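Reader: Hi, I'm in my first year and still learning to look at structures. Could you take me through the aromatic rings in this one, slowly, and then show me what lies around them?

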Amino acid sequence: MEVLWDQEGWLTPGDVHEITDPEHPLAYTTVMTILVRLWNKGMLERRQQGRAFAYHPTATRDEWAAARMREFFASTGNRSAVLSHFVAKMDSKELSQLRRALDRRRRR
C-alpha cells in the first residue's frame, strides 16, 4: 500500500515490483498476489492496462488510517474511555489540530 500511496496514478505489478525496496526484494509473483488480495479486500481498484491490470488505492493513506481508528474504537468495550485516554496523551499541537477539526465539523 505504501508504494501505491506514494505514487501518483495507476501502477501495474511490474511498476510496483520495480519500486519496491531493493534491499528487501520481492518476487514479481509475490507482488501480483499481494495486489490481487488487496483488490479482493476492496482496498484497491483495478483496470486493464495492456495485458496487465493497473491498481490504485480506493482510499488515501489518511482515510485508511481514520477507518482503522474507527474500527478499533468500535471494537472496544468502552469507546468513550478509550477516546478519553487517547486524547489525554495528545500534545498541545495535536490538541489544537483536533479542536480545529471539531470546529470545522460543527460548522457543517
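Author: Sure, let's start with the rings and then move on to their surroundings.

Before that, some ground rules: this is a predicted model, where local features need pLDDT of at least 70, side-chain atom pairs count only at pLDDT 80 or more, and totals for chains, interfaces and linings use all residues. Residues are numbered from 1 along each chain as its sequence is written, and side-chain values use heavy atoms, with hydrogens and water left out.

Okay, rings. A pair of aromatic rings is described by the distance of the centres and the angle of the planes. The rings of Phe, Tyr and Trp (its six-membered ring) pair if their centres lie within 6.5 Å; planes under 30 degrees apart count as stacked, over 60 as edge-to-face and the rest as tilted. This structure holds three such aromatic pairs. One of them is Trp5 with Trp64, a tilted pair with 5.7 Å from centre to centre and 55° between the planes. That pair links distant parts of the chain: Trp5 belongs to helix 1 (residues 2-6) and Trp64 to helix 4 (residues 61-75), 59 residues apart. By the way, helices (H or I, at least four residues) and strands (E, at least two) are DSSP runs, numbered from the N terminus.

Are these two rings buried or exposed? The cut-offs go like this: buried means under 20% relative accessible area, exposed over 50%, and partly exposed in between (1.4 Å probe, protein chains only). Trp5 has a relative accessible area of 15%, so Trp5 is buried. Trp64 comes out at 33%, so Trp64 is partly exposed.

Now look at Phe73 and Phe86: their ring centres are 6.0 Å apart and their planes stand at 75°, so this pair is edge-to-face. Again distant parts of the chain are linked, with Phe73 in helix 4 and Phe86 in helix 5 (residues 79-88), 13 residues apart. Phe73 is buried because its relative accessibility is 14%, while Phe86, at 38%, is partly exposed. Add Phe72, and you have one aromatic cluster made of Phe72, Phe73 and Phe86.

Rings can have a charge above them too. A charge sits over a ring if NZ of Lys or CZ of Arg is within 6 Å of the ring centre and within 35 degrees of the ring normal. Have a look at Arg46: its charged end sits over the ring of Trp39, 3.5 Å from the centre. Arg46 also lies over the face of Phe53, at 3.8 Å from that ring centre.

Let's follow the chain around that spot. Strand 1 (residues 44-49) and strand 2 (residues 52-57) run antiparallel and are joined by six bridges; two strands pair if DSSP finds at least two bridges between them. Gln49 stands opposite Ala52 in strand 2. The hairpin has two residues between the strands, and Gly50 there takes a positive phi near 70°.

Thr12 connects nicely to this part. Thr12 lies in the loop between helix 1 and helix 2, and with 12% relative accessibility it counts as buried. Contact means heavy atoms within 4.5 Å. Leaving aside its neighbours within four places in sequence, Thr12 is in contact with Gln49, Phe53 and Ala54.

What about the nonpolar side chains? In soluble globular proteins, nonpolar side chains tend to be buried together. A nonpolar core is a set of buried Ala, Val, Leu, Ile, Met, Phe, Trp, Tyr and Cys residues joined through side-chain atoms within 4.5 Å. The largest one here has nine residues in all, among them Leu4, Val16, Leu38 and Tyr55. Helix 3 (residues 28-40) gives the most to this core, with three residues. Val16, leaving aside its neighbours within four places in sequence, is in contact with Val3, Leu4, Leu11, Val31 and Leu35.

One last stop: His17, in helix 2 (residues 13-19). His17 is partly exposed because its relative accessibility is 30%. Beyond its neighbours within four places in sequence, His17 is in contact with Leu26, Ala27, Tyr28 and Val31. The side chain of Thr20 reaches the backbone oxygen of His17 at 2.8 Å. Thr20 itself has its place in the loop between helix 2 and helix 3, and at 14% relative accessible area Thr20 is buried.

Key:
A polar contact is a pair of N or O atoms within 3.5 Å; within protein, one must be able to donate a hydrogen and the other to accept it, and residues adjacent in sequence count only if both atoms are side-chain atoms.
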